Amino acid sequence: MEMFQVVLAVFWLIAGGVSFYFSIGNARVWTSIAVGFFLILLGEIIPGALPFLPGLSNPYVLAMGHIIGTLSILIMSHGFQEYYVFTRTLDFEGSKLHVYLAVVGVIAASLVFLLINPTPDEDVRRVIRIVESTNWVFLSLINIDLIRKIYFNIKDTPISNGFVAFMVVFACIFLWKGSQLYIDVFSLDLVKDAYPIRYEISFWCKNLGNFFASISVGATFIYLGRLLR
């Protein structure tokens, strides 16, 4: 299983690197979307997939990972909303720099909030993880519907298939985060001996959803990057 986590980290490193590079090299309207996907790498995959690295077992690092994971889905959801408005009005506000500064500012404020409160133990981190997974599950469904609307607005353009790919991405994320939420809400990781089949199904759905999400994110941004050159 450790080897699987390392492979998973490699795919997310590729996906995160491609999405961040994409955010730099393309129009402002793509920035929030690309940065949101990049934050998956920073917020969750590195501390989750590489626990043997120094410092990644620190409770503050683990808690901050879930907070950044929550920011990730909120930022990319805002980005898709901006893109939908852009397809209707051909207008958008702000600059790329403002997006980067806002993201860094929110992360810094979240870190300060975490540091001035009691050390986040396992119970606190579990609550934060449930909040994160809940946001991912429901916003993934909302984003799939929003992306469907974007697709119909731009279906005659070369990049329309890229938004079909984004729907696949969020379907994989829904499987990943939905399974994690199910495990946490019912504490299946604590009672897995009593419910072995439910736990095993949820565990593998979570990991396979995560794996396919990492591949589809990287592939989608590479595909869009080639089209938008």
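## Reading a predicted helical model

Tutor: Before we turn to wider features, take one residue in this predicted model: Phe37, setting aside residues up to four places away in sequence, touches Ser19, Ser72, Met76, Phe80, Phe166, Val169, Phe170, Ile173, Val217 and Phe221.

Student: Which residues touch the most other members of the largest nonpolar core?

Tutor: A core is read by asking which of its members have contacts with many others. In the largest nonpolar core, which holds 49 residues, those touching the most other members are Trp12, Trp30, Phe37, Phe80, Phe163 and Phe166. Two or more residues of this core come from each of helix H1 (2–25), helix H2 (31–49), helix H3 (59–89), helix H4 (96–115), helix H5 (122–154), helix H6 (160–185) and helix H7 (196–227), and the largest share, 10 residues, is given by H3.

Student: At what angle do H3 and H6 pack, and how far apart are their axes?

Tutor: For a pair of helices, one looks at the angle, the distance and the residues that meet. H3 and H6 pack at about 155°, with 14 Å between their axes, and because angles over 145 degrees count as roughly antiparallel, H3 is roughly antiparallel to H6. The crossing in which H3 passes H6 is left-handed. On the H3 side, Ile73, Met76, Phe80 and Tyr83 meet Phe163, Phe166 and Phe170 of H6, and sorted by class this contact has seven nonpolar residues, with no polar and no charged ones.

Student: How are H6 and H7 arranged, and which classes of residue make up their contact?

Tutor: The same reading applies here. The axes of H6 and H7 come within 7 Å and cross at roughly 155°, so these two helices are roughly antiparallel to each other. H6 passes H7 in a left-handed crossing, and their contact has 17 nonpolar, nine polar and two charged residues.

Student: What are the angle and handedness for H5 and H6?

Tutor: Here the axes come within 8 Å and cross at roughly 160°, which makes H5 roughly antiparallel to H6. The crossing of H5 and H6 is left-handed, and by class their contact has 19 nonpolar, seven polar and six charged residues.

Student: Is His66 buried or exposed?

Tutor: The relative accessible area decides this, and buried means under 20%. His66, which has its place in helix H3, is buried because its relative accessible area is 13%. When neighbours within four places in sequence are left aside, His66 is in contact with Gly43, Arg125, Ile128, Arg129 and Glu132.

Student: Which residues are in contact with Ile107, and what separates Ile107 from Ser179?

Tutor: Contacts and distances can be read together with positions along the chain. Ile107 is found in helix H4 and, leaving aside neighbours within four places in sequence, is in contact with Leu39, Met64, Ile68 and Leu71. Ile107 and Ser179 are 72 residues apart along the chain, and their C-alpha atoms are separated by 26 Å.

Student: What is the phi of Ser187, and where is Ser187 found?

Tutor: As a general idea, most residues other than glycine have a negative phi. Ser187, although it is not a glycine, has a positive phi of about 50°. This residue is found in the loop between H6 and H7. With a relative accessible area of 23%, Ser187 is partly exposed, because that term covers values from 20% to 50%.

Methods
Residues numbered from 1 in each chain as written. Predicted model: local features only at pLDDT ≥ 70, side-chain atom pairs only at ≥ 80, totals over all residues. Heavy atoms only, no water. Core = buried A, V, L, I, M, F, W, Y, C linked by side-chain atoms within 4.5 Å. Buried < 20%, exposed > 50% of the residue type's maximum accessible area, 1.4 Å probe, protein only. Helix = DSSP H or I, 4+ residues; strand = E, 2+ residues; numbered from the N terminus. Contact = heavy atoms within 4.5 Å. Axes fitted to C-alpha atoms, helices over the stretch in contact; angles between N-to-C directions. Parallel < 35°, antiparallel > 145°, perpendicular 65-115°, else oblique. Left-handed = near helix turned anticlockwise from the far one by under 90°. Nonpolar A, V, L, I, M, F, W, Y, C, P; charged D, E, K, R; others polar.
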